Structures are given as C-alpha cells and as structure tokens.
Amino acid sequence: MRTVNIYEAKTNLSKYVEMLEQGKEEEIIITRYDKEVARLTLFKNKKDKVRLGAGVGYLEKKPFILKFEDDLPSLFGY
C-alpha cells in the first residue's frame with residue numbers, strides 16, 4: 001500500500017495505474033491535507049467468471065402449456 005498526496009496522484013496517475021496493473025502495489029491511498037480521501041485499486045477481472053453455455057442469458061423462459069390436445073397440430077401449422 002502506497003500513500004500519495006492528491007497533487008502527486010494527479011501528476012503521476014498513469015504511473016500509479018501501471019504499478020497496480022503490474023502487481024507492484026495492491027492499492028494506492030490518496031490524501032489531501034494529510035487526510036485519506038480516496039483509494040485507487042484495480043477492478044477485478046471479469047474474465048474470471050465462468051460462462052455456462054453459449055446462450056445463457058439470451059433466452060427468455062416462458063411457461064408452455066397445452067390446454068387441449070387438439071392445439072398440438074396447430075402449433076406445427078397443420
């Protein structure tokens with residue numbers, strides 16, 4: 001954990017983001033007048049999530065109920 005004042009953070013923001021990306025720092029605390037006001041960290045990588053199939057989340061689930069057996073042929077255009 002590194003602590004920097006707000007002016008230094010503004011001046012060297014890209015340097016601090018790069019340090020986070022490379023794993024040199026886990027977080028950077030930003031201070032103003034010696035008081036902690038913000039924390040700079042990386043987002044968690046969204047690629048860590050497991051996707052369970054190609055169509056997950058794209059299809060709506062609606063109940064399918066046949067009221068009469070005679071409706072079945074009409075569903076197939078007969």
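**Helix H2 and the three-stranded sheet**

Visitor: Ser 14 and Glu 21 in H2, are they buried or exposed?

Guide: In this predicted model, Ser 14 and Glu 21 are exposed, and they sit on the other side of H2 from its buried residues.

Visitor: And which residues of H2 are buried?

Guide: Those are Tyr 16, Met 19 and Leu 20. Around the helix axis these buried residues cover an arc of only 100 degrees, which puts them on the same side of H2.

Visitor: What covers the buried residues of H2?

Guide: The cover includes strands S1, S2 and S3 together with helix H1, which spans residues 6-11. H2 itself, residues 13-21, lies across S1, S2 and S3, and it runs at about 60 degrees to S3.

Visitor: OK, the sheet then. What order do the strands have?

Guide: The order is S1-S2-S3 in an open sheet of three strands, and the pairing is mixed. S1 (2-5) and S3 (35-40) stand at the edges with a single partner strand each, so one side of each of them is left without a neighbour in the sheet. From one strand to the next, the twist averages 30 degrees.

Visitor: Which sense do S1 and S2 pair in, and over how many bridges?

Guide: S1 and S2 pair in the parallel sense, over four bridges. Arg 2, for instance, has Ile 28 as its bridge partner in S2, while the bridge partner of Asn 5 in that strand is Thr 31.

Visitor: How many bridges join S2 to S3?

Guide: Five bridges join them, and here the two strands run antiparallel. S2 and S3 form a hairpin with two residues between them, and in the turn Tyr 33 has a positive phi of about 50 degrees.

Visitor: Back to Thr 31, where does it lie?

Guide: Thr 31 lies in strand S2, which covers residues 28-32. Besides being the S2 partner of Asn 5, Thr 31 has Glu 36 as its bridge partner in S3.

Visitor: Why does Thr 31 count as buried?

Guide: Its relative accessibility is 11%, and buried means under 20%. Not counting residues up to four places away in sequence, Thr 31 touches Thr 3, Val 4, Asn 5, Ile 6, Glu 36 and Val 37.

Visitor: How many of the five residues of S2 are buried?

Guide: Four of the five are buried, so S2 is largely enclosed by the rest of the structure.

Visitor: Switching topic, what follows H2?

Guide: H2 is followed by Gly 23, which has a positive phi near 80 degrees. Glu 25 also has its place in the loop between H2 and S2.

Visitor: Is Glu 25 buried or exposed?

Guide: Glu 25 counts as buried, because its relative accessibility is 15%, again set against the cut-off of under 20%.

Visitor: Which residues is Glu 25 in contact with, leaving aside neighbours within four places in sequence?

Guide: With those neighbours left aside, Glu 25 is in contact with Met 1, Arg 2, Met 19 and Leu 20. Met 19 and Leu 20 are among the buried residues of H2, and Arg 2 is the residue whose bridge partner in S2 is Ile 28.

Visitor: How many Å from the side chain of Glu 25 is the backbone nitrogen of Met 1?

Guide: The backbone nitrogen of Met 1 lies 3.3 Å from a polar atom of the Glu 25 side chain.

Note on methods. Residues numbered from 1 in each chain as written. Predicted model: local features only at pLDDT ≥ 70, side-chain atom pairs only at ≥ 80, totals over all residues. Heavy atoms only, no water. Buried < 20%, exposed > 50% of the residue type's maximum accessible area, 1.4 Å probe, protein only. Contact = heavy atoms within 4.5 Å. Pairing = 2+ DSSP bridges. Axes fitted to C-alpha atoms, helices over the stretch in contact; angles between N-to-C directions. Arc of directions from axis to C-beta. Polar contact = N/O pair within 3.5 Å; in protein donor to acceptor, adjacent residues only side chain to side chain.
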